[in-house]
Amino acid sequence: MPNAVTVYHTYGMEALYQGANSFALFPRSAARDFGIIMMTLHQAVAFGLFAGPLFHMFEKMIHIHDKPFWFRSLARLPLCGFMLLLAVAFPFFGAVNAILGAFTTSFGTYIIPCVAYNLAFNSTDNMVKQPKVSLKLIKVLNWAIALFVIVGGVGMGGYTSIKGFIRQIEEFDYFAPCYQCNPEL
């Protein structure tokens with residue numbers, strides 16, 4: 001979240017019309033190129049992680065789950081092609097991802113762990129290792145983080161992402177030749 005705030009503060013409306021690609025805003029440098037390479041690697045790994053269960057279900061459905069890996073890999077190609085077709089046909093996946101991030105990632109990453117820690121450890125009796133600071137301080141900090149993420153991440157982030165999603169649907173066209181283009185151009 002601090003990264004997004006900094007980019008929007010620095011680049012303003014330019015950030016809106018770069019197709020949600022902040023790398024296009026930064027000047028060419030080795031650091032920017034390294035960031036692009038790392039983001040590409042991240043996307044490849046994330047695709048594998050998220051598509052893996054879909055691949056396994058697809059293999060079970062067409063009864064090839066017990067075949068050699070090379071055969072299953074070839075059978076996955078049509079599924080990858082279908083996912084690519086959907087990605088090109090519906091280019092507002094970033095807006096869907098923002099909604100999911102606001103509602104699921106906020107809970108899974110920040111809120112649930114903080115609240116679970118506070119509920120699990122009522123005292124230091126059932127802790128394997130004693131904390132170096134007061135347990136009360138840790139609990140207050142956890143409740144503050146959970147409240148901040150509920151208000152900022154889920155509340156404001158959810159509102160903003162849903163509002164952006166609705167705006168993008170109004171501008172939507174299948175296989176758009178120029179998606180989110182600057183209207184001044």
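Here is a walk through the fold, then the H3 and H4 pair, and finally a few spots elsewhere.

Keep in mind that this is a predicted model. The protein chain has 6 helices and 0 strands, and if you follow the sequence from start to end you get the pattern α-α-α-α-α-α. How much of the chain is buried? Of the 185 residues in the protein chain, 21% are buried.

Let's start with helix H3, which covers residues 30-61. Early in this stretch you'll find Asp-33 and Arg-32, whose side chains form a salt bridge with an N to O distance of 3.5 Å. The two partners sit in unlike surroundings, as their accessibilities show: Asp-33 has 35% relative accessibility and so counts as partly exposed, while Arg-32, with a relative accessible area of 15%, is buried. If you want the cut-off behind that call, buried means under 20% relative accessible area.

Staying on H3, take a look at Met-38, which is found in this helix. Is Met-38 buried, partly exposed or exposed? At 40% relative accessibility, Met-38 counts as partly exposed. Met-38 also has company on the surface: together with Phe-34, Ile-37 and Leu-41, this residue makes a nonpolar patch of about 410 Å².

Now for how H3 meets its neighbour in the numbering, helix H4, which runs over residues 69-89. In general, two packed helices are described by the angle between their axes and the distance between the axes. Here the axes of H3 and H4 come within 10 Å and cross at roughly 115 degrees. Angles of 65 to 115 degrees count as roughly perpendicular, and H3 and H4 are therefore described as roughly perpendicular to each other. As for the hand, the crossing of these two helices is right-handed.

What links the two helices through side chains? A bit of background first: side chains of opposite charge can pair when their charged atoms come close. Arg-72 and Glu-59 do this, with side chains that meet in a salt bridge at 3.7 Å, N to O. Since Arg-72 lies in helix H4 and Glu-59 in helix H3, this pair ties together parts that are 13 residues apart in sequence. Both of these residues, Arg-72 and Glu-59, are buried.

Glu-59 has another partner as well. The side chains of Glu-59 and Arg-76 meet in a salt bridge at 2.6 Å, N to O. Again the pair spans the two helices: Glu-59 lies in H3 and Arg-76 in H4, so parts that are 17 residues apart in sequence are tied together. Glu-59 and Arg-76 are both buried. Which residues end up in one network? Glu-59, Arg-72 and Arg-76 do, joined by salt bridges that share partners. Counting up, the structure has 3 salt bridges.

Between H3 and H4 there is a loop, and His-63 lies in it. Have a look at the backbone of His-63: phi is near 60 degrees, a positive value in a residue other than glycine. Is His-63 buried or exposed? With a relative accessible area of 59%, His-63 is exposed.

Last stop, further along the chain: helix H5, made of residues 93-120, is the place of Thr-104. Thr-104 counts as partly exposed, at 45% relative accessibility. Where does Val-154 sit relative to Thr-104? Val-154 and Thr-104 are 50 residues apart in sequence, and their C-alpha atoms are 8.6 Å apart in space.

Definitions and conventions. Residues are numbered from 1 along each chain as its sequence is written. This is a predicted model: local features need pLDDT of at least 70, side-chain atom pairs count only at pLDDT 80 or more; totals for chains, interfaces and linings use all residues. Side-chain values use heavy atoms; hydrogens and water are left out. Patches are made of residues with over 30% relative accessible area and no salt bridge: like charges are joined within 9 Å, nonpolar side chains (Val, Leu, Ile, Met, Phe, Trp, Tyr) within 5 Å. Accessible areas come from the Shrake-Rupley method with a 1.4 Å probe; for residues, only the protein chains shown count as cover. A salt bridge is a side-chain nitrogen of Lys or Arg within 4 Å of a carboxyl oxygen of Asp or Glu. Helices (H or I, at least four residues) and strands (E, at least two) are DSSP runs, numbered from the N terminus. Buried means under 20% relative accessible area, exposed over 50%, partly exposed in between (1.4 Å probe, protein chains only). Axes are lines fitted to C-alpha atoms, for helices over the stretch in contact, and angles run from 0 to 180 degrees between N-to-C directions. Angles under 35 degrees count as roughly parallel, over 145 as roughly antiparallel, 65 to 115 as roughly perpendicular and the rest as oblique. A crossing is left-handed if the near helix is turned anticlockwise from the far one by less than a right angle, and right-handed if clockwise.
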